[in-house]
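Subject: Structure handover

Hello,

Here is the structure I promised to pass on. Please have it open while you read the notes below.

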Amino acid sequence: MRSSRGGQMVTESSKNQRRQKFGNILHQSDHAADEEEYHTRISSTSDATPANHDQNSRLSSEINTSLYSTPSYDQSSPCSAPSWDQLASQIPTDLVSPLSGSPWSSHVEMASDSYSYTGLMGSLVREEGHIYSLAATRDMLYTGSDSKSIRVWKNQKEFSGFKSNSGLVKAISIAGERIFTGHQDGKIRMWKVSAKDPSIHKRIGTLPTMKACIKSSIKPSNYVEVRRNRNVVWIRHFDAISSLSLSEDKSLLYSASWDKTIKVWRISDSKCLESIQAHDDAVNTVVAGFDGLVFSGSADGSVKVWRRELQGKGTKHFFSQTLLKQECAVTALAVDPSATILYCGSSDGLVNFWDREKLSHCGILRGHKLAVLCLATAGNLVFTGSADTNICVWKREEGDHICLSVLNGHSGPVKCLAVEEDKVAMGADGYCILYSGSLDKSVKIWRVSPQPAHVQQQQQQITQEAERCAQPRNFPSIHSFSSQNSRVSQRRHF
C-alpha cells in the first residue's frame with residue numbers, strides 16, 4: 001500500500017519494532033519559561049509530585065527550544081499554509097485589523113466551497129498563553145489554556161468565557177449541558193450552561209466535593225500514602241489532571257492524573273466511586289472504549305485495559321491485559337467513532353493501533369519525526385498531532401491506513417485536537433472541520449476532505465477548467481486593431 005503521494009508504505013504490521021528512546025529527541029531547555037510547556041510526562045522513572053512542587057521536578061525531559069522556531073513551508077504543497085503571524089508580518093501596519101491587539105482575536109478566511117478542498121480556514125489567535133485543551137460540540141468550541149480561562153467560540157467568533165481560580169486547563173469534556181475541566185492543581189471543575197442565556201457558564205461544583213472530602217477525612221482508613229510523610233484521602237488527585245473521558249453511556253467520568261491513578265466519578269451525584277492504581281508512573285491519557293473496557297496510557301510506556309463491572313449501585317474495574325509495553329512514554333489514546341479501532345500515540349512519533357476483535361495489534365502509523373501529543377477521529381479519518389508542529393490526516397480503508405495529507409501551519413507543538421463534523425456534509429464521504437491547539441498560542445481551523453491529496457488536485461483542476469470554459473468568450477471587433485505595427489490593442493478574454 002502506498003501513500004497518496006506515491007511514496008513508501010505508511011503502515012507497518014510488524015509487532016516487534018524497535019523504538020528510539022525519547023531522550024534522543026528531547027533534552028533539557030535552558031529557558032525557564034519552557035519548563036511547563038510540554039505538559040506530558042515522558043519519563044519512565046520520575047515520581048508523581050504534588051501540584052505545587054518545584055516545576056523543575058515535574059518533567060524529566062523537555063522540548064527543545066528549536067521546536068518553537070518557525071518552520072519552513074513547502075510552497076508547492078496544497079496543504080501547506082503559513083501561520084497567521086507570518087502572514088500578518090507581511091501586511092502593512094495601517095491595514096491590520098484593530099482586533100489584532102486584543103488578547104483574543106479571530107482571523108478566519110472562508111475556505112473554498114469545493115468538496116475536495118483540504119486546508120487552513122483560519123486561526124483563533126491568543127497572545128497571553130498556550131493552548132492545552134479543546135472540546136467541540138455542535139457549533140461551539142471550548143478552548144483551555146495556561147491562563148486558567150476557558151473561552152467559548154461560536155462560528156469561529158468569540159462567544160463567551162469563564163475562568164477558574166487556579167490551575168491551567170489541561171482537559172475539557174462535555175456531557176450535555178455540563179462541562180468538566182481538568183486542571184494542573186489536581187481538581188476537576190464542573191460548569192453548567194445557563195438555560196436563560198447560553199453565553200453564561202456557571203460553576204456548579206468541584207470534584208471531589210467539599211462535603212465528600214470532609215466526610216472521607218474522618219476515617220483513617222480513607223487515607224493513602226502518596227509520598228513519604230504525606231497522606232491524602234483516596235478520592236482526591238494530588239497531582240495534575242492529564243485527561244478526562246466519558247463512559248459510553250455518559251454516566252461516568254474517568255480522570256487520569258500524574259499521581260499514577262485513574263478515578264471514576266458518577267456524574268449524577270458527583271461521587272467518586274473508585275480509585276485505580278493504574279501505572280508505575282504518571283498516567284498521561286485515559287479513554288473509555290467499547291464493551292465496557294477502559295484504556296489507559298502512561299509515562300511508564302504501557303497501555304493497559306480495564307474491564308468495568310457493575311456492582312449494585314456502584315462499579316468496579318478489573319485489570320484485563322497490557323496491550324503495549326515499551327521504553328518510550330505513551331502520550332495519547334483515541335477510539336474511532338465506530339468503536340472498532342484503538343489508536344495509541346507515543347513519544348517516539350509512532351501510532352500503534354489495535355482492532356476490537358481480541359484486541360489484536362494491527363500495525364503502526366509512521367508520519368511524525370517527534371512525539372505524537374494528541375489524537376482525534378471522525379468517521380474513517382484519524383488525525384495525529386505532533387511536537388514536530390505537523391498534523392497528519394489518515395484514512396482507514398479495509399484495515400489499512402493511507403496518509404491523505406500533512407497539515408502544517410503551526411509554529412509550535414500541536415498539543416490538542418478536536419473535530420466537528422459539518423452538519424451539511426456529514427456522512428461517510430463528507431468533509432469535517434478540525435481544530436488544532438498549539439503551544440504557539442493559537443487555535444487553527446482546518447477543512448478536511450476524505451479525498452486523497454492527488455484526487456483533490458485533479459478535482460480542483462477539473463473544476464477550474466470547467467469554470468473557465470463556462471465563461472463567455474469576448475472576441476475583438478474589427479475596430480480594435482491599432483494602426484501602429486498592426487498589433488492587437490485589445491486582448492481576447494477566454
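Over residues 365-404, what share of the chain is helix and what share is strand, and how far apart are the end C-alpha atoms? The helix share is 0% and the strand share is 70%. The end C-alpha atoms lie 12 Å apart. Bear in mind that this is a predicted model.

Where does that span come from? UniProt lists residues 365-404 under "repeat: WD", in an unreviewed entry. The entry also gives 234-275, 276-306, 323-355 and 407-449 under that name. I looked at residues 323-355 too. That span is 0% helix and 64% strand. Its end C-alpha atoms are 11 Å apart.

Next, a sheet earlier in the chain. Four strands form an open sheet, in the order β4-β5-β6-β7. The pairing is antiparallel. At the edges are β4 (131-137) and β7 (157-163), each paired on one side only. From one strand to the next, the twist averages 20°.

Now the pairs inside that sheet. Take β5 and β6 to begin with.

- Strand β5 covers residues 140-145, and strand β6 covers residues 149-154. Five bridges join these antiparallel strands.
- Y142 stands opposite V152 in β6.
- G144 has I150 in β6 as its bridge partner.
- The hairpin of β5 and β6 has three residues between the strands. In this hairpin K148 takes a positive phi, near 75°.

Then β6 and β7.

- Six bridges pair β6 with β7, again in the antiparallel sense.
- I150 stands opposite F162 in β7. I150 is also the β6 bridge partner of G144.
- Two residues lie between the strands in the hairpin of β6 and β7. N155 takes a positive phi there, near 55°.

One point helps when you look at side chains in a sheet. In a regular strand they alternate between the two faces.

Last, a single residue: Y431. Where does Y431 sit? Its place is in the loop between β30 (414-421) and β31 (432-438). Is Y431 buried or exposed? Y431 has 16% relative accessibility, so it counts as buried; the cut-off for buried is under 20%. Y431 and A378 are 53 residues apart in sequence. In space, their C-alpha atoms are 9.6 Å apart.

Best wishes

Notes
Residues are numbered from 1 along each chain as its sequence is written. This is a predicted model: local features need pLDDT of at least 70, side-chain atom pairs count only at pLDDT 80 or more; totals for chains, interfaces and linings use all residues. Side-chain values use heavy atoms; hydrogens and water are left out. UniProt positions are given in the numbering used here, feature names are shortened, and annotations may be inferred rather than shown by experiment. Two strands pair if DSSP finds at least two bridges between them. Axes are lines fitted to C-alpha atoms, for helices over the stretch in contact, and angles run from 0 to 180 degrees between N-to-C directions. Buried means under 20% relative accessible area, exposed over 50%, partly exposed in between (1.4 Å probe, protein chains only).
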